[in-house]
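Trainee: I am new to this structure and would like a close look at a single part of it, the open sheet. Could you set it in the context of the whole protein and then take me through it slowly?

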Amino acid sequence: MTTNTPTIHDLVAWLDDTFRPELQEDYDNAGFLLGDSQQPYRGALVALDLTPSVVDEAIALGLNLIVTHHPFIFSGLRRITDGNETGRMVLALAQHRIAVYAAHTNLDNLPWGVNGALAERLNLHDCRILSPLGADTGAGMVGLLPEPMPAEAFLQKVKEILGIPTLRTSPLTTPHTSLLIQKVALCGGSGSHFIPDAIAAGADLYLTADLKYHDFQRAEGRIILVDAGHYETEQFAKEIISRRISEKFSNFACRISSCQESIVRYI
């Protein structure tokens with residue numbers, strides 16, 4: 001190995017500096033999850049989730065780092081055997097010396113992360129963090145559309161941008177909500193706990209995912225709540241991670257997985 005060849009350790013150190021795992025939520029498990037940090041880096045594969053297909057793809061491409069948004073180790077592993085999917089993945093990763101890193105809620109809490117990317121796709125401006133952790137970090141985003149839009153027209157735009165055929169929403173018209181949408185709050189992934197923040201921010205609409213039936217009742221006629229799907233609202237994490245790695249390590253392959261899509265089907 002030459003001194004110009006980065007190691008997995010070098011990649012992990014840079015990933016930590018860039019994606020700041022210290023910003024992750026207490027329940028999370030982001031960061032360097034698996035691998036030999038001293039081996040030379042050969043390239044990265046980026047995915048939202050670690051799945052057997054993603055592992056097979058990294059093996060086929062000869063890449064020895066997988067960077068995901070969701071950590072594949074979230075709670076304690078009681079055993080690692082070929083008797084379950086996670087065990088088989090760990091064994092395959094170890095056999096092929098593939099390291100795994102996750103940038104999860106820390107990427108959510110960076111202003112240019114998941115929520116910043118979603119706000120940019122929706123063409124929001126004058127954006128600020130919905131639930132701040134500090135001066136420039138925190139969960140969610142709230143911003144303005146360039147011009148007020150009818151609610152149904154905005155929701156059609158959301159479906160087109162996210163590639164989703166249907167949305168779950170609270171009633172679009174109530175005595176206290178407008179037919180026109182301009183201030184939009186959002187949180188990629190599971191964001192029901194930020195409904196009060198979206199209401200307090202004066203948002204006309206709050207876009208998130210994983211809302212339960214009774215979560216929609218929390219709108220109380222004051223805001224339109226929209227569930228656009230977990231994968232769909234977080235899908236741009238892959239592009240964020242890939243772009244950052246490619247810009248820093250331009251001499252090495254960094255690919256977005258071609259075999260991953262939402263595990264939820266709409267029929």
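Mentor: Of the 267 residues of the protein, 51% count as buried, where buried means under 20% relative accessible area, exposed means over 50% and partly exposed lies in between, with a 1.4 Å probe and protein chains only. This is a predicted model, in which local features need pLDDT of at least 70 and side-chain atom pairs count only at pLDDT 80 or more, while totals for chains, interfaces and linings use all residues. Residues are numbered from 1 along each chain as its sequence is written, and side-chain values use heavy atoms, with hydrogens and water left out.

The secondary structure comes to 10 helices and 11 strands, both taken as DSSP runs numbered from the N terminus, a helix being H or I over at least four residues and a strand being E over at least two. The radius of gyration of the protein is 20 Å, close to the 18 Å given by the globule rule for 267 residues, so the protein is as compact as a globular protein of that length; the radius is taken over C-alpha atoms, and the rule is 2.2 Å times the number of residues to the power 0.38. Contacts, meaning heavy atoms within 4.5 Å, often span the sequence: of those in the protein with a separation of 6 or more, 65% are between residues 24 or more positions apart.

Now to the sheet itself. An open sheet of 6 strands has the order β5-β6-β8-β9-β10-β7, with mixed pairing, and two strands are said to pair if DSSP finds at least two bridges between them. Its edge strands are β5 and β7 (168-169), each of which pairs on one side only. Strands of a sheet pair through backbone hydrogen bonds, either parallel or antiparallel.

Starting from the β5 edge, strand β5 (residues 125-132) pairs with strand β6 (residues 138-150) in the antiparallel sense over 5 bridges. The two form a hairpin with 5 residues between them, and Pro132 has Gly138 in β6 as its bridge partner.

Moving inward, β6 is joined to strand β8 (residues 180-190) by 6 bridges, and these two strands also run antiparallel. Within this pairing, Met141 stands opposite Leu186 in β8, and Gly143 stands opposite Val184 in β8.

At the next step the sense of pairing is parallel, for β8 and strand β9 (residues 205-209) are linked over 4 bridges. Here Ser190 stands opposite Ala209 in β9.

For a point of reference elsewhere, take Phe19, which lies in helix α1 (residues 8-19) and counts as buried at 0% relative accessibility. Phe19 and Val142 are 123 residues apart in sequence and 21 Å apart in space, C-alpha to C-alpha. Leaving out residues up to four places away in sequence, Phe19 touches Ala103, Asn106, Leu107, Leu110, Trp112, Ile241 and Arg244.
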